[in-house]
Amino acid sequence: MAGVKGQVQKRGVERRRAMVDAAIDLFARQGVRGTGVAAIAERAGATPSALIHHFGSKDGLVQAVLEEADRRALQRLSVPADAEPTLDQAFDWFIRDAEYTAATEGQLAALHTTLTAENLQPGSVLHAWFRDRGRALRAHLSALFTRAVADGSARAGLDPGILAAETAAFIEGAHLLWLLDPEQVDLTALHRSYFEGLAARLTP
């Protein structure tokens with residue numbers, strides 16, 4: 001029975017992944033509002049009721065797509081979930097992620113930015129998800145700067161919270177500028193310039 005149960009669970013995970021992949025593809029092509037549950041289910045070889053069973057609603061599927069985008073970013077950068085990188089490692093990750101985004105993930109980046117703007121108001125469907133994601137990013141950055149001060153790789157007297165907010169603001173703003181004008185804004189060069197400058201500012 002245990003083997004059968006494992007096979008059923010594996011098939012469930014595979015069906016869920018197929019639905020997320022189908023949603024990523026269609027959302028990127030048609031936008032969230034222009035893509036219905038039926039179209040996603042058909043692309044994934046499933047029924048609309050099966051999709052709702054797995055995600056609860058279209059909004060639940062959208063959240064799963066955003067979470068998958070984050071998971072893929074960590075996976076391609078080979079970043080463990082519990083990693084405690086040095087400043088150099090973290091800054092290198094941000095630059096490499098910008099390079100990959102510019103090359104292959106423009107549609108997902110646009111989807112992320114659009115949905116953030118659509119969910120600024122408390123009470124909107126994904127407001128809490130984006131708010132909590134932002135808080136988590138700033139917390140990780142604040143911990144990064146705190147460790148750097150403690151181990152001497154960054155000068156004393158810095159405010160890790162302010163630096164964390166500044167860095168997060170740069171990342172969000174850089175993506176927006178690039179999405180609006182990719183012919184004029186080089187996302188990778190912009191990241192490299194910012195993080196090289198930040199490293200110089202932080203040097204003891």
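## A buried glutamate

A residue counts as buried when its relative accessible area is under 20%. Glu68 has a relative accessibility of 14%, so Glu68 is buried. This value, like the others here, comes from a predicted model.

Where does Glu68 sit? Glu68 is part of helix α4, which covers residues 58-76. The side chain of Glu68 makes a polar contact with the side chain of Arg71, at 2.8 Å. Leaving aside residues up to four places away in sequence, Glu68 touches Val20 and Ile24.

## Two helices that pack

Now turn to helix α5, residues 87-104. Helix α5 packs with α7 at an angle of about 145°. The axes of the two helices are 10 Å apart.

Which residues of α5 and α7 meet? From α5 come Leu87, Ala90, Phe91 and Phe94. From α7 come Leu141, Leu144, Phe145 and Ala148. By class, the contact of α5 with α7 has eight nonpolar residues, no polar ones and no charged ones.

## The second largest pocket

Helix α7 also helps to line a pocket. This is the second largest pocket, with a volume of about 270 Å³. Its lining has 14 residues, and those closest to the pocket centre are Thr116, Phe130, Arg131, Gly134 and Arg138. Three elements give two or more residues each to the lining: α6 (106-118), α7 (127-151) and α8 (160-180).

Which element gives the most to this lining? Helix α7 does, with seven residues. The lining is mixed in class: five residues are nonpolar, five are polar and four are charged.

Note on methods:
Residues are numbered from 1 along each chain as its sequence is written. This is a predicted model: local features need pLDDT of at least 70, side-chain atom pairs count only at pLDDT 80 or more; totals for chains, interfaces and linings use all residues. Side-chain values use heavy atoms; hydrogens and water are left out. On a 1 Å grid over the protein atoms alone, a cavity is a set of points where a 1.4 Å probe fits but cannot get out, and a pocket is an open set with protein on both sides within 12 Å along at least five of seven lines; lining residues have an atom within 4 Å of a point. Grid points are joined across faces, edges and corners, and a volume is the space filled by probe spheres set on the points. Helices (H or I, at least four residues) and strands (E, at least two) are DSSP runs, numbered from the N terminus. Ala, Val, Leu, Ile, Met, Phe, Trp, Tyr, Cys and Pro count as nonpolar, Asp, Glu, Lys and Arg as charged, and the others, Gly among them, as polar. Buried means under 20% relative accessible area, exposed over 50%, partly exposed in between (1.4 Å probe, protein chains only). A polar contact is a pair of N or O atoms within 3.5 Å; within protein, one must be able to donate a hydrogen and the other to accept it, and residues adjacent in sequence count only if both atoms are side-chain atoms. Contact means heavy atoms within 4.5 Å. Axes are lines fitted to C-alpha atoms, for helices over the stretch in contact, and angles run from 0 to 180 degrees between N-to-C directions.
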